[in-house]
Amino acid sequence: MTYHLPAGKALGGPYAVDVTPEKAGWGHSSLRILELAPGGAHSFDTGDSEWIVVPLSGGCTVAAGDDFGQETCELQGRADVFSGVSDFAYVPRDARATVTSAGGGRFALTGARCTRRLPARYGPASEVPVELRGTGNCSRQVNNFGAAGVFECDKLIAVEVITPGGNWSSFPPHKHDEHRPGEESVLEEIYYFEFAGHDGIPGLGYQRVSPSGPGRDTDVLAEVRDGDVVLIPDGWHGPSMATPGHHMYYLNVMAGPEAERAWLICDHPDHAWVRDTWPDQPVDSRLPLYTAPETSV
């Protein structure tokens, strides 16, 4: 199994990235990256999955409907992932969805197989919690737009992480590949990367995933660039390292078989002590890169 998919290696139909459970070899998590030219439109059936549509660049209209009606969400979006929090749209399973964009753009479709059919609805940027996690060179920013306990879904968990150039995130390495009630949940995870350039030079970073035990042997040490994807069915994941001078963005998509939708993790025992050092250090002064707007337009 190939766990690192460089840009262009996960193409599928109209999508620049098309990760399905079948392609990933697992049961729940999906990610599509849709690129639309100005005036472009794309329709898809949601099937047995729920989806959150979040703009990476540009704005769009998301319409979701079935035989009983239709919900339309106007997403203002953003210039790019390093310039602001975006609003988003939730699209339920067993629906027909259409994404249109007058100005064009790039849009992430984060998905998870689910059983409950929740209503289509709009997620305003002003209600996205922006969390500063870690301190020192472990400082990063987390945009918790689709986190458990923040926005209701049946199975899907989706967040954005921005790591300033030179910092480490997803550290201490952690895992969520065993069912241990109240301590750890089983979640498949997708990382999708983008980087801030400098003077026209593209950015890059590094992603590590290491085996966490018998039968959980995912092993990745990858140089990652714009548009790359890393699949994490199991294992200790982290660090995610941003090279100096280039901020790193990654979109995390998670889902699994657990009855409770929860992000419960276990730190690697060799590195868990790092968390204890955080109170003695300041948060990186470059953060937050931005905050959620006070009100949505």
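Met241 is a good place to start in this predicted model. With a relative accessible area of 19%, Met241 is buried, because the cut-off for that class is under 20%. The residue belongs to strand 20. Leaving out neighbours within four places in sequence, Met241 makes contact with Asn167, Trp168, Gly205, Tyr206 and Met248. Gln207 sits 34 residues away from Met241 along the chain, yet their C-alpha atoms are separated by 6.5 Å.

**From Met248 to Ile162**

Met248, one of the contacts of Met241, leads us on to another part of the chain. Between Met248 and Ile162 the C-alpha distance is 5.7 Å, across a sequence gap of 86 residues. Ile162 is part of strand 13, which covers residues 157–163. Its relative accessibility is 1%, so Ile162 counts as buried. Setting aside residues up to four places away in sequence, Ile162 touches Val81, Phe82, Arg140, Gln141, Asn143, Met248, Tyr249, Leu289 and Tyr290.

Tyr250 is a further partner to look at alongside Ile162: the two are 88 residues apart along the chain, and 6.6 Å separates their C-alpha atoms. Tyr250 lies in strand 21, residues 248–255, and is buried at a relative accessible area of 2%. Apart from neighbours within four places in sequence, the contacts of Tyr250 are Val159, Glu160, Val161, Thr163, Ser169, Ser170, Tyr191, Tyr192, Phe193 and Ser240.

Here are the three C-alpha pairs side by side.

| Residue pair | Separation in sequence | C-alpha distance |
|---|---|---|
| Tyr250 and Ile162 | 88 residues | 6.6 Å |
| Ile162 and Met248 | 86 residues | 5.7 Å |
| Met241 and Gln207 | 34 residues | 6.5 Å |

**Aromatic neighbours**

Tyr191 and Phe193 both appear among the contacts of Tyr250. The structure holds nine aromatic pairs. In the pair made by Tyr191 and Phe193, the ring centres are 5.9 Å apart and the planes meet at 35 degrees, so this pair is tilted. Tyr191 is buried, at 1% relative accessibility, and Phe193 is buried too, at a relative accessible area of 0%. Elsewhere, Phe88, Tyr90, Phe145 and Phe151 come together in one aromatic cluster.

**Backbone points worth a look**

Most residues other than glycine have a negative phi, and most peptide bonds are trans. Against that background, four spots in this chain deserve a visit.

Ser170, already met as a contact of Tyr250, has a positive phi of about 50 degrees without being a glycine. Ser170 is placed in the loop that runs between strand 14 (168–169) and strand 15 (174–175), and it counts as buried at 5% relative accessibility.

Asp94 also has a positive phi, near 60 degrees, and is not a glycine. The loop between strand 7 (88–91) and strand 8 (96–101) holds Asp94. Asp94 is partly exposed, with a relative accessible area of 43%.

Turning to the peptide bonds, the one from Gly238 to Pro239 is cis, and its omega is near 5 degrees. Pro239 lies in strand 20, residues 236–242, the strand that also holds Met241. Leu287 and Pro288 are likewise joined by a cis peptide bond, with omega about 0 degrees. Pro288 is found in the segment after helix 2 (274–277).

**The chain as a whole**

Stepping back, the protein chain has two helices and 22 strands. The radius of gyration is 18 Å, close to the 19 Å that the globule rule gives for 297 residues, so the chain is as compact as a globular protein of that length. Its C-alpha trace spans about 55 × 45 × 35 Å along the principal axes.

Buried residues make up 59% of the 297 residues. Of the contacts with a separation of 6 or more, 75% are between residues 24 or more positions apart. The pairs in the table belong with that picture, as with Tyr250 and Ile162 at 88 residues apart.

As for the surface, the protein chain exposes about 12100 Å², and carbon and sulfur atoms supply 53% of that area. The chain carries 22 positive and 40 negative charges, and the mean positions of these two sets are 3 Å apart.

Methods. Residues numbered from 1 in each chain as written. Predicted model: local features only at pLDDT ≥ 70, side-chain atom pairs only at ≥ 80, totals over all residues. Heavy atoms only, no water. Helix = DSSP H or I, 4+ residues; strand = E, 2+ residues; numbered from the N terminus. Rg over C-alpha atoms; globule rule 2.2 N^0.38 Å. Buried < 20%, exposed > 50% of the residue type's maximum accessible area, 1.4 Å probe, protein only. Contact = heavy atoms within 4.5 Å. Areas by Shrake-Rupley, 256 points an atom, 1.4 Å probe, with all protein chains shown as cover. Lys, Arg positive; Asp, Glu negative; His and termini not counted. Charge placed at Lys NZ, Arg CZ, Asp CG, Glu CD. Phe/Tyr/Trp six-rings, centres within 6.5 Å; stacked < 30°, edge-to-face > 60°.
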